[in-house]
Protein chains: 2
Amino acid sequence: MTDKSTQDIDALIAMMAKLPGLGPRSARRAVLQMIRKRALLLTPLADLMQSVAATARECLNCGNIGTSDICAICSSDKRGNGILCVVEDVADLWAMERAGGFKGRYHVLGGTLSALDSIGPEQLRIPKLIDRINAEDITEVILALNATVDGQTTAHYIADQLESRVRLTSLAQGVPIGGELDYLDEGTITAALNARKQI
Amino acid sequence: MTDKSTQDIDALIAMMAKLPGLGPRSARRAVLQMIRKRALLLTPLADLMQSVAATARECLNCGNIGTSDICAICSSDKRGNGILCVVEDVADLWAMERAGGFKGRYHVLGGTLSALDSIGPEQLRIPKLIDRINAEDITEVILALNATVDGQTTAHYIADQLESRVRLTSLAQGVPIGGELDYLDEGTITAALNARKQI
């Protein structure tokens, strides 16, 4: 398949293989599927990618991805009851939105602090977070960071910076809905036990 | 994320999730990655897809995918020593070409016979195969079909149709290179034992 006549197909496979979750083999399968379903899959995908490449941008306020300088959540007057939810990544914001229970606004850090990768507060959207807390009418900050070492380090750093200015909270830890004890790690079971509630 | 401002992004995620090997979650991760690496990933992918959508076509002779009516393998004068390799799918042809040991030409069936899915010989490229054997100077047909029930049924059907016209062969079955006996299924071990060779 190093033939000149298939170089675009080869290049497409090589580039698809760089996407997270795809390797060379699944990229080949995906490209064959796309070529077979050209009108249903390949052409619409190309058009959507062109359109997203032209319009998608980061919200200047919170870092969410949308199509305008200020995203739909930041500009909606139905959102924002003084609660700001801090997440690592846009994917986490989307996960929160799918759950649908949160009616405040977000702040996307764009990663976590990491000494190993030399990512300090300036590389993240932490200065902007502090600006927002000074400028907007925020009473509570929910630190919805991942329960990883880097996530928790970042949460502690932000908590230090914001201390006494706002109410700081974090997501509850415990048994997932539908979760079976036998399949849970010891840390989660201990956390759920320590945070037990009266029935 | 049902917001109007992100409908192209949502549509792109939904369409990416239809690709084999991707689900909703990996499609979201892939789309976020593409948006982050717009110049390196999203725009080139869109351009390549446009180009492939415009140029890719099935070879009228063998069913391979290329950019002309007769593919590079069928039109090459370095290929075709009278041996035709019959495969189920273009992916199988590509796998044979990566192995690099075969210097003949191919014939892609486009699937296997399947009573359950009402796929008969007419739905596959079997009539075209018989035409080619009558028209081209072919002495051997290698039936390189998958070792599945449908694959083997199809191989038997083709063997019946071609009997006595050409030499019919199939790929050898046995222990894969680098394979460990402990991890192989009983069928493969039995086949390898029955086809044992003197050292």
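Over residues 82-176 of chain A, the predicted model comes out as 36% helix and 18% strand, with the end C-alpha atoms 28 Å apart. This stretch carries a label in UniProt, where an unreviewed entry lists residues 82-176 of chain A as "domain: Toprim".

Turning to chain B, there is an open sheet of four strands, and their order is β4-β3-β5-β6, with parallel pairing. Strands β4 (105-108) and β6 (167-170) of chain B sit at the edges, each pairing on one side only. From one strand to the next, the twist averages 25 degrees. Strand β5 of chain B, residues 140-143, runs parallel to β6(B) and is joined to β6(B) by four bridges. In this pairing, B:Val141 stands opposite B:Leu168 of β6(B).

Two helices of chain B go with these strands. Helix α5 (residues 90-99) packs on the sheet, where α5 touches β3 (83-87) and β4 of chain B, and the direction of α5 makes about 160 degrees with that of β4(B). Helix α7 (residues 149-162), for its part, lies across β3, β5 and β6 of chain B and runs at about 165 degrees to β5(B).

As for how the two chains relate, a turn of 180 degrees and a shift of 0.0 Å along the axis lay chain A on chain B with an RMSD of 0.1 Å. The copies are therefore related as by a two-fold rotation axis. Within chain A, the C-alpha nearest that axis belongs to A:Ala46, at 2.3 Å. The interface fits in here too: 100% of the interface residues of chain A are also interface residues in chain B, so the copies meet through the same surface.

How values were computed: Residues numbered from 1 in each chain as written. Chains lettered and ligands numbered in written order. Predicted model: local features only at pLDDT ≥ 70, side-chain atom pairs only at ≥ 80, totals over all residues. Heavy atoms only, no water. Pairing = 2+ DSSP bridges. Axes fitted to C-alpha atoms, helices over the stretch in contact; angles between N-to-C directions. Contact = heavy atoms within 4.5 Å. UniProt positions renumbered as here; feature names shortened; annotations may be inferred. Least-squares fit on C-alpha atoms with pLDDT ≥ 70 in both.
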